[in-house]
Amino acid sequence: MKERDGEVREGARESSSGVELSLDAARERLREKGYLDRGVEGAVLKGALAARSRTRALLLGAATGALFLAAAVAVAGAVLHAVSSALPFRDAAVLFLWLFAGASALAAFLVAGLVALALLRGRLRGDADEASTEVAVAFGILAGVAGVAAARPALETAGLPGLVAVLAAVALAVLIAVRVARGLAFTVFAASGRLHLPHSRRGRLAGFIAAAAALLAVAAVLLLRPAPPPGGPLVVEANAHRVTVVAVDGWTAEPPAPAGTRASYVKSVLDPAAFWTTVATGQGASRHGIGSLDLVRVAGVGAPLRPLSGAGFYLGRVLPALHLARLESVTAAARRVPAVWEVASRSGIPSLTVNWWTTYPAGDGGGTVLGNHLFFAARAGASLAGEGWPAEIVARVARLAPRLAPEPGSLERLIEDAKGLDAFAVAAFRDVTAREKPRLSLVYLPGPDILSSALAAPERTAADRVVLAEALTAETAAVRAFLDDPTLLDGTDLVVFVLDAGRREPGGSVAFAGPLARQGGAPGVISASDLAPTVLAVLGVPSARDAAGKVRTDFLAAGAATSETVASWGRRRAGAPPDVDPKEYVENLRSLGYLR
């Protein structure tokens, strides 16, 4: 009997579709050609050809390939998360195990697709080596594109060791994906009896070519990534201007009486942590890194991590639903770019920040910072480590907090927390501004938003709604009294009121008041990212050309802001914040309705 490329050996037979080989014959031919000695590809083939039936061979090959693919995806995912969230080796190793469990389902789906692709390719002309190479290269290209896309968030902030780790992990994953694809394609051809091998192995370098393509793609991302901005001091235009930013969340009433020109905005993101960080940095969420309140602490992993897009659903939804992980909130460490108070400090401008998002845990380098967890720690008489900077001011203002609180979990506790946060923030703001007289002051009041969000919750009873409505009315009046207080304008050249309608609403308004605000004129439109560069420009700090926002001189008096620019405000200072356990911080945010 003759076969297409030579003599038919024992175990081969003619059929209407050509020469069919038994599994034993296929195994012998693959061994002679050296295919069983090719690492991952050979392991997949060995696992498949150990079976005694074609169906079992296909199932065993698919299972072996799925294990390799799951391991490759899990390794890449663990490295990317370790670099992005600065995980220690032990945490990365535990995370690999969790990712491997989740990647197994994805790998099974991918293997099913590869088997179907190989079956379709097997119907066309060409030998098994050529066909398997085509399947592997196609799958390798898809894997390389997916790997580069998944790696980009980690590459944006990674240092040199992290860059090398990401590059190696993506390249390894793509190489394994290519080898698995070739092994599965050969398995399909062997199980179907259509294993037609050439005299020479034309596709032996396909895996290395695809892996090299992935390396080049990742390297291109690194080369195209903008150079890190400088971290030195900024040269500012000397002036004595003083600016105050008052931010109120959940405000739906009219702006304060002393306001001059006004503007409205539409939020690009509803999440309060992301939005208020955009206000403070002049950058969008993709740049400043605060995309959501939710981080994830996976069982066995000591540090919380930010789920990347490829594993976001699994880590952020599936594992918490199974009580194998819990959601946590972002802290100051998650912010990638400097905020206005840090830029001001770098420019030699004294500043005060009270209760703003992503100020906990606080360290030096940003002027006086009273973090957004200080109220709770002060009320509980707990340690003040990480609650603000400098320590002596934090200790002084902590005495302004009440020492008693209603029962945790009660409606009374929620109301007292909302009212107490605002009252404490206002008292601390007044105390420090009177003593220190900073040129830049920021204060954030979340009380109306906390109460209005609780009022809108569908699980509230009618009696609860009555109590919450009364509390919201009283809190709105208290905040209104602060906004209308004429002492806000005493000695201040510009007051910026940022009045957001709340976490469920698409936008809000900004009102400018004081001698440096433009008087009169029709209301305009502004972006939340415009506020940081505008405020800093009034203080004489040049605007950053890499910022998303721009200086809005149309809302200011003539000559109020510098027109100078710089390439960037620099990197965020990599300080060493206190080693704190954010558990209480997370629980307080959950009690206020920010986390579920």
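## Cavities

In this predicted model, searching the whole structure yields 3 cavities of 30 Å³ or more. The second largest cavity holds about 70 Å³ of space. Its lining is made up of Val245, Val279, Ala280, Val340, Trp356, Leu442, Val496, Val498, Leu531, Ala532 and Val535.

Three elements each give two or more residues to this lining: helix 8 (272-281), strand 13 (494-500) and helix 17 (531-538). Helix 17 contributes the most, with 3 residues. By residue class, the lining of the second largest cavity counts 11 nonpolar residues, no polar ones and no charged ones.

## Helix 14

Helix 14 covers residues 411-436, which is 26 residues. From its first C-alpha to its last, helix 14 reaches 37 Å, close to the 38 Å expected at 1.5 Å a residue. After helix 14 comes Lys437, which has a positive phi, near 50°.

## Chain as a whole

The protein chain has 596 residues, and 53% of them count as buried. Its secondary structure consists of 18 helices and 17 strands. Among contacts in the protein chain with a separation of 6 or more, 71% are between residues 24 or more positions apart.

The exposed surface of the protein chain is about 25600 Å². Carbon and sulfur atoms supply 62% of that area.

Technical notes:
Residues are numbered from 1 along each chain as its sequence is written. This is a predicted model: local features need pLDDT of at least 70, side-chain atom pairs count only at pLDDT 80 or more; totals for chains, interfaces and linings use all residues. Side-chain values use heavy atoms; hydrogens and water are left out. Helices (H or I, at least four residues) and strands (E, at least two) are DSSP runs, numbered from the N terminus. Buried means under 20% relative accessible area, exposed over 50%, partly exposed in between (1.4 Å probe, protein chains only). Contact means heavy atoms within 4.5 Å. Accessible areas come from the Shrake-Rupley method with a 1.4 Å probe; for residues, only the protein chains shown count as cover. The expected span of a helix is 1.5 Å times one less than its number of residues. On a 1 Å grid over the protein atoms alone, a cavity is a set of points where a 1.4 Å probe fits but cannot get out, and a pocket is an open set with protein on both sides within 12 Å along at least five of seven lines; lining residues have an atom within 4 Å of a point. Grid points are joined across faces, edges and corners, and a volume is the space filled by probe spheres set on the points. Ala, Val, Leu, Ile, Met, Phe, Trp, Tyr, Cys and Pro count as nonpolar, Asp, Glu, Lys and Arg as charged, and the others, Gly among them, as polar.
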